[in-house]
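User: Please take a close look at one part of this model, the place where two of its chains meet, and then set that part in its wider surroundings. A formal, connected account would be appreciated.

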Amino acid sequence: MFKPGYIVKVGIGIACIIPILLLFMLSLSKNWVYPNFFPGQVSWQNWKELFTPGNSITLSLLTSLSIALFVAIFSTVGGFVTSQLIAYHAYRKKLLFLAYLPFVLSPVILAVCLKFYFIKMNLAGTTIGVILAQLIIAFPYSIIFFIGFWNQQIKQFQAMVNTLGGNNLYAFKKIIFPLSKPFLLVCFFQSFLISWFEYGLTSVIGYGKVQTLTIKVYQFLVEANIFYAALSCCILILPPVLLLWMNKKFIFREVSDRVAD
Amino acid sequence: MKFYSFIFSLIILVACQQPKQENLNLDKISWQKIEEKANGANVTMMMYQGDKKVNRYMNEYVVPALKKQYNITLNIVPGQGKDIVNNLMSEKEAGKQNSEIDLCWINGETFFQLRQIDALYGPYTDKLPNAEYVDWENPVIRYDFQQDINGYETPWGESFFYFIYDSAKVQNPPSSLDQWQTWWKQNPGKFTLATDFNGMTLLKSWLVELAGGINELDGKFDEQKYEKYATQLWKILNDHKQYFWKKGETFPSGNTSIAQMYSSGELSFTSSFNDADIDNKVGEGVFPTSSKAYILSAGSIHNTHYVGITSNAPNKEAALVVCNFLISPEAQVKKNDITLWGSRTVLAYDKLDKEWQQKFDALPKRQYGITPEQLKSRSIKEPEPEYMLRVFSDFRKKVIEVN
Amino acid sequence: MQVRAINIAAYLLLFVFAVLPLAAGFGYAFMYSIGLTGALQTGLTFEHWQKLFTDDHVLGSFGYSAMIALFSLLLSVSAALFVSLKYPRSFSKGLLSYLIYLPLAFPAMVAAFFFFQFMSKAGILSRIFYRLHITSAIEQFPDLVNDKYGIAMIVTHFFLSFPFFILLFINLYKTERIKEYILLAESLGASKVQSAFKIVVPMLLQKSLHNIILYFIFIFGAYEIPVLLGRSNPEMVSVLAVRKLQRFNLLDIPQGYAIAILYSVFVFALILIMMRKRKLAYDV
């Protein structure tokens, strides 16, 4: 029972679950004075306030949700189309290099370099501006993700349909789309999470006017309002945890251009 | 394809949508007209949001009151002085006609820099009906860090800098720099300062002390004098920072974390620019009841905070109405109330009607804070903003980055 | 016709969301850094670039960021290798195979917030130590947050990357048919240790190298975690660049842009190295 292997495994399991439990505890707390381990007051008060109209955390939740949905849809569809072009292109490596760059750069640094243009286009401080800014990382991610999908086999299927007299639309409907469905789904959720987790671009391009949940968490921290910060954190990790429950694949973001399994 | 072209045309459309800002001529418009034009407007105000009480005053009183009385929607977005300057400067560089920010909470070096890049609208304060109650004769209000405000910002409240300690743990709180040096050596790890305006104000207080009083640093920024006293100060700090919190190898970025560490007992001192801070925090049970406020031997740096209108504010009428509201007796009574914000009013008591004088008199009294009598002889004015800017950059270069 | 339209759209998308922002952002940053644009432009000058290389804080910050990234990865990759080789099955089935995904649900901001609450002097760990009478006063608890060695930052990055690498290695273990190589080696007389160190570990590392490089880049440029858990000196690169770009001294802005460019060039070089080692699916 207490073999080293068992201890290691239990240890890892506990380390994975404890942060969520403690954040949840803090979100229920008021009055948490050192050196008490448990808070002086525990209640659903903070959570209940979420349902009062005009609550700022609830508004942020809606902002985050709509931005993330839009970013996810657009980058999944756009990335799917663009990645095919790149995958079959003679200069595919060079084109893919272009997609990697915006994806890996530190979002805040990218944001301060781009802020000028966003202001110029009257997009700074607007939701559309934040969506466009987030697409600069989510869309390249989606390209990199789908590059692994377009292999020789798919190309051969397409060619086969063409020789047999089917057009591209037919090939897409009958072969490519069914094959790509699971990929599209995974890419959608991952792009959703990229947007959902994003802080750097959102804070700089959004001016603090577009208050997504991550922006809110930071604000609560500046205010030293740790209980509200913990509450917002709980809401932030809720969607990925739900996705995990649906399908583990949805939240494992391996950035890969390797052959699909 | 249609979808993409839609998106692109959308971008281009948004990009080109820059209606030229008409400059509001205050001589030709009546206040009533201004209020009419402000009706239904959205106003964005960028301000420091590191103080819970201030946020509550804004969110629970100012925002709903503006909506109710003037049908103005006030959006508050977070940002300290440097963020305001940075955003407005980027907008200037991009040639943006309609600023994303209408109002900002500023003073001192931020006012100085915004004037430098011509990002403030004005002069306008004469036009505000409630300006008649403002205590303009008071130099602390009329001059912001020794700069004549010239009608470019609305006085909003007075603050002064004071220290807080726990009398149960510290018997004789150090007041002069000499006493501090002894105290640091005897109590390692229990003191630090933040790299925000609170910490910088502390450094300025020490500069004043080294200079033998504010008179020496009065007037235009003097490089030689600054260098003379600052060099002494950096030396003292470098010689003693090993006794600071975390051996002086790092400093907290905000006063909020210092206040938190004071309440957990990790630090023995905190400081504040908010008059009512100590009363509030003791009341909330955050600070121990044995907390006491005191003034350092240099004196208490005393200043006013202001509200500025940006030069490219899309709706200046509404911004004016908000400014006027913020200096109304009603809003100032609430701001003075220690259960709400607790900063001192900029209105002159004698100019107010009996009714408002009574309301000011009826406010709950401070229990822990500095009394006006204590403050009277000890208050010192702010040196020129350039001192602040230099202290900001030199503290980093000559203390934080020196090992 | 239809295909052409789609192709044009694809090029356009790539241009608008990848090429254009990079070119425009770079161009602006570069112009700013040599004094040719900005509200306080001075005219062509290389002074800000010179300062970059003479001021050892900038290069120090690059070195510091690289150290934090290397150290976090060294810990998480080796721990993940060990665990995934020793207990491969525990992470593909059962409760643990779910729990191990939980850290992936944490945005950097939340992870940083949690570890601050967990490891600071007034934090959860310190309270437990106090209750267990290991410490009797708050100052006896060691500095784990905003500390000299970046402990809190490394722990947070470890928390986020360790499960990622476990899952990656377990995936590779399956898809690259490593089991078969082990059986082959063992039938040829290799010991368990030999086959692990001579075959499995090199294979896994080689196959995951580009993921490790990418992770290095992410930690190197991280912002939220160092801003909450790091210290005022030295700073990680992103924090330094943002501070230079948004601080009171307006004359520091050009240098901030110079730092941003230096950082980007470094990242591009790493990506080039990474790309060289990769084969795309279509080429296989």
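Analyst: In this predicted model, 27 residues of chain B are in contact with 20 residues of chain A. On the chain B side, at least two residues each come from helix 1 (2–16), helix 3 (52–70), strand 2 (73–78), helix 4 and helix 10 (255–264) of chain B. Helix 4 of chain B gives the most to this side, with four residues. Sorted by class, the side of chain B that touches chain A holds 16 polar, six nonpolar and five charged residues.

Helix 4 of chain B therefore merits a description of its own, as the element that gives the most to the side of chain B that touches chain A, and it is also largely enclosed by the rest of the structure, since twelve of its 13 residues are buried. The helix covers residues 81–93 of chain B, and its first and last C-alpha atoms are 18 Å apart, close to the 18 Å expected at 1.5 Å a residue. Its buried residues include the charged B:Lys82, B:Asp83, B:Glu91 and B:Glu93. Also buried in this helix are B:Gly81, B:Ile84, B:Val85, B:Asn86, B:Asn87, B:Leu88, B:Met89 and B:Ser90. The packing partners of the buried residues lie in two chains: helix 5 of chain A on the one hand, and strand 1 (42–47), strand 3 (103–106) and helix 5 (108–116) of chain B on the other. Just after the helix, B:Gly95 adopts a positive phi of about 65 degrees.

Strand 3 of chain B, one of the packing partners of helix 4 of chain B, leads to a further element of chain B. Four bridges join strand 3 to strand 10 of chain B, and the two run antiparallel; within this pairing, B:Leu103 has B:Ile309 as its bridge partner. Strand 10 (residues 300–309) of chain B is largely enclosed by the rest of the structure, because nine of its ten residues are buried. Strand 10 also pairs in the antiparallel sense with strand 6 (residues 154–160) of chain B, over six bridges, and here B:Thr154 is matched with B:Val307. With strand 11 (residues 379–381) of chain B, by contrast, strand 10 pairs in the parallel sense over three bridges, where B:His302 has B:Lys381 as its bridge partner.

Chain B also contains an open sheet of three strands, in the order 8-7-9 and with antiparallel pairing. Strand 8 (269–272) and strand 9 (291–294) of chain B are at the edges of this sheet, each with a single partner strand, so one side of each has no neighbour in the sheet. Direction ignored, neighbouring strands here are turned by 30 degrees against each other on average. Strand 7 (residues 162–166) and strand 9 of chain B pair in the antiparallel sense over four bridges, with B:Phe163 standing opposite B:Tyr294 in strand 9.

On the other side of the contact with chain B, chain A comprises eleven helices and two strands. Along its sequence these follow the pattern α-β-β-α-α-α-α-α-α-α-α-α-α. The C-alpha atoms of chain A fill a box of roughly 75 × 65 × 30 Å along the principal axes, and 49% of its 261 residues count as buried. Of the contacts in chain A with a separation of 6 or more, 72% join residues 24 or more positions apart.

Chain A also meets chain C, where 77 residues of chain A are in contact with 71 residues of chain C. Among the elements that give two or more residues to this side of chain A is helix 5 (107–120) of chain A, the helix against which buried residues of helix 4 of chain B pack. Helix 1 of chain A gives the most to the side that touches chain C, with twelve residues. By class, that side has 56 nonpolar, 13 polar and eight charged residues.

The largest nonpolar core has 218 residues, of which A:Val217, B:Val322 and C:Phe113 touch the most other members. Its member C:Phe113 is in contact with A:Val217, A:Leu221, A:Ala229, A:Cys233 and C:Leu228, neighbours within four places in sequence left aside. A second, separate core of 53 residues includes B:Ala194, B:Trp206, B:Val391 and B:Phe392.

Conventions. Residues numbered from 1 in each chain as written. Chains lettered and ligands numbered in written order. Predicted model: local features only at pLDDT ≥ 70, side-chain atom pairs only at ≥ 80, totals over all residues. Core = buried A, V, L, I, M, F, W, Y, C linked by C-beta atoms within 7 Å. Buried ≥ 20, exposed ≤ 12 C-beta atoms within 10 Å, placed from the backbone. Contact = placed C-beta atoms within 7 Å. Expected span 1.5 Å × (residues − 1). Pairing = 2+ DSSP bridges. Axes fitted to C-alpha atoms, helices over the stretch in contact; angles between N-to-C directions.
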